[in-house]
Amino acid sequence: MFFNKDDVTVLTQLHERFAKQGMTLVIQTKAVKNINFRVKLGYLYVSTPKSISRLVVAQAIAKRYDWAVSAHQRLLARQQTVKPTLWGEPLVIDEWLSRARLSQKERLSFGRLNQEQQVAWIYRAEIQQVLPSISQRWQMVVGKSASAFVIKNMRSRWGSCQVVTAKIALSSRLAAYPRQCLEYVVVHELCHLHHANHGSLFWESVKQAMPDYQHWHGLLRGQAL
């Protein structure tokens with residue numbers, strides 16, 4: 001793939017336009033014959049042939065801009081109608097609150113939140129509760145330890161690993177899915193402390209630690225953040 005300074009400028013502008021719509025533009029070079037587009041929540045994925053120029057890619061993306069934004073808005077609307085879940089089961093906020101060990105001050109603060117904020121609170125609290133045992137178990141299995149685990153309300157990824165500092169971030173939204181999904185992401189990020197990329201050796205290390213990882217990986221891959 002070849003490009004010049006002007007092509008890079010056009011692509012930079014496209015990245016900025018999509019960012020304003022809450023979308024990340026991801027361009028991937030693959031063994032395909034045509035330019036392919038795929039919209040997921042928070043993303044527009046563009047697969048391009050190796051021989052095509054950046055300018056042609058930019059022009060094709062610009063033509064599909066309105067379509068991509070509309071498709072993304074439909075995904076957002078669909079997500080807002082989905083009832084929240086906790087560890088893969090329906091989440092009833094009042095039931096959770098009745099068994100939660102919250103102080104009076106915390107209960108008052110919780111009551112001032114809207115439903116989306118309450119769900120985010122619950123997700124963070126649930127992961128904080130189970131993470132110590134999960135991290136201890138899988139650090140022993142993987143043979144690597146994180147310097148710290150942090151929980152974030154991430155919308156663009158399930159987890160991240162700073163290889164230099166060994167600091168791992170986890171999306172609080174993992175609490176919506178079966179607990180094994182959280183465990184898989186912990187394993188995935190810990191394995192990056194062995195291999196920083198997503199090469200074959202990395203996936204071999206993930207499989208060695210968690211032989212059934214593909215099931216949980218596939219479950220999360222099919223879901224939107």
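## Close-up views of a three-stranded sheet and its helices

**View 1. Strand 7 meets strand 8, residue by residue.** In strand 8, A169 is the residue that stands opposite S160. A little further along, L170 of strand 8 faces G159. Please keep in mind that this is a predicted model. The two strands, strand 7 and strand 8 (residues 167-171), are antiparallel and are joined by four bridges. Together they make a hairpin, with four residues between the strands.

**View 2. The open sheet as a whole.** Here we step back to take in three strands, which form an open sheet with mixed pairing in the order 6-8-7. Which strands stand at the edges? They are strand 6 (148-152) and strand 7 (159-162); each has a single partner strand, so one side of each lacks a neighbour in the sheet. From one strand to the next, the twist averages 20°. As a general reminder, strands of a sheet pair through backbone hydrogen bonds, in either a parallel or an antiparallel sense.

**View 3. The parallel side of the sheet.** Strand 6 and strand 8 run parallel and are joined by five bridges. One residue to look for is I151, whose bridge partner in strand 8 is L170. You have met L170 already, as the residue opposite G159. How much of strand 8 is buried? Four of its five residues are, so strand 8 is mostly covered.

**View 4. The turn of the hairpin, with A166 and V163.** Two residues in the loop between strand 7 and strand 8 deserve a look: A166 and V163. A166 is not a glycine, yet its phi is positive, near 60°. Is A166 buried or exposed? With a relative accessibility of 14%, A166 counts as buried, the cut-off being under 20%. V163, by contrast, is partly exposed, with a relative accessible area of 38%. Leaving aside residues up to four places away in sequence, V163 touches H192, L193 and A196. For a sense of scale, try locating T12 as well: T12 and V163 are 151 residues apart along the chain, and their C-alpha atoms are separated by 27 Å.

**View 5. Two helices lying across the sheet.** Helix 6 (residues 115-142) lies across strand 6 and strand 8. Its direction makes an angle of about 150° with strand 6. Helix 7 (residues 179-191) lies across strand 6, strand 7 and strand 8. Relative to strand 8, helix 7 runs at about 155°.

**View 6. Helix 6 packed on helix 7.** These helices pack with their axes 10 Å apart, at an angle of about 45°. That angle makes helix 6 oblique to helix 7. The crossing of helix 6 with helix 7 is right-handed. On the helix 6 side, the contact is made by I127, V130, L131, I134, R137, W138, Q139 and V142. Helix 7 contributes R179, L182, E183, V186, V187, L190 and C191. How do the residues of this contact of helix 6 with helix 7 divide? Eleven are nonpolar, one is polar and three are charged.

**View 7. Helix 7 packed on helix 8.** Moving along the chain, we find helix 7 and helix 8 (residues 200-209), whose axes come within 9 Å and cross at roughly 135°. The two helices are therefore oblique to each other. Their crossing is right-handed. From helix 7, the contact takes in Y184, V187, H188 and C191, and from helix 8 it takes in F202, W203, S205, V206 and A209. By class, the contact of helix 7 with helix 8 has seven nonpolar residues, two polar ones and no charged ones. If V187 and C191 look familiar, that is a good sign: they are also among the helix 7 residues in contact with helix 6.

**View 8. W87 in its loop.** For the last view we turn to W87, in the loop between strand 4 (85-86) and strand 5 (89-90). W87 has a positive phi, about 55°, although it is not a glycine. Is W87 buried or exposed? W87 is buried, with a relative accessible area of 14%.

How values were computed:
Residues numbered from 1 in each chain as written. Predicted model: local features only at pLDDT ≥ 70, side-chain atom pairs only at ≥ 80, totals over all residues. Heavy atoms only, no water. Pairing = 2+ DSSP bridges. Axes fitted to C-alpha atoms, helices over the stretch in contact; angles between N-to-C directions. Contact = heavy atoms within 4.5 Å. Buried < 20%, exposed > 50% of the residue type's maximum accessible area, 1.4 Å probe, protein only. Parallel < 35°, antiparallel > 145°, perpendicular 65-115°, else oblique. Left-handed = near helix turned anticlockwise from the far one by under 90°. Nonpolar A, V, L, I, M, F, W, Y, C, P; charged D, E, K, R; others polar.
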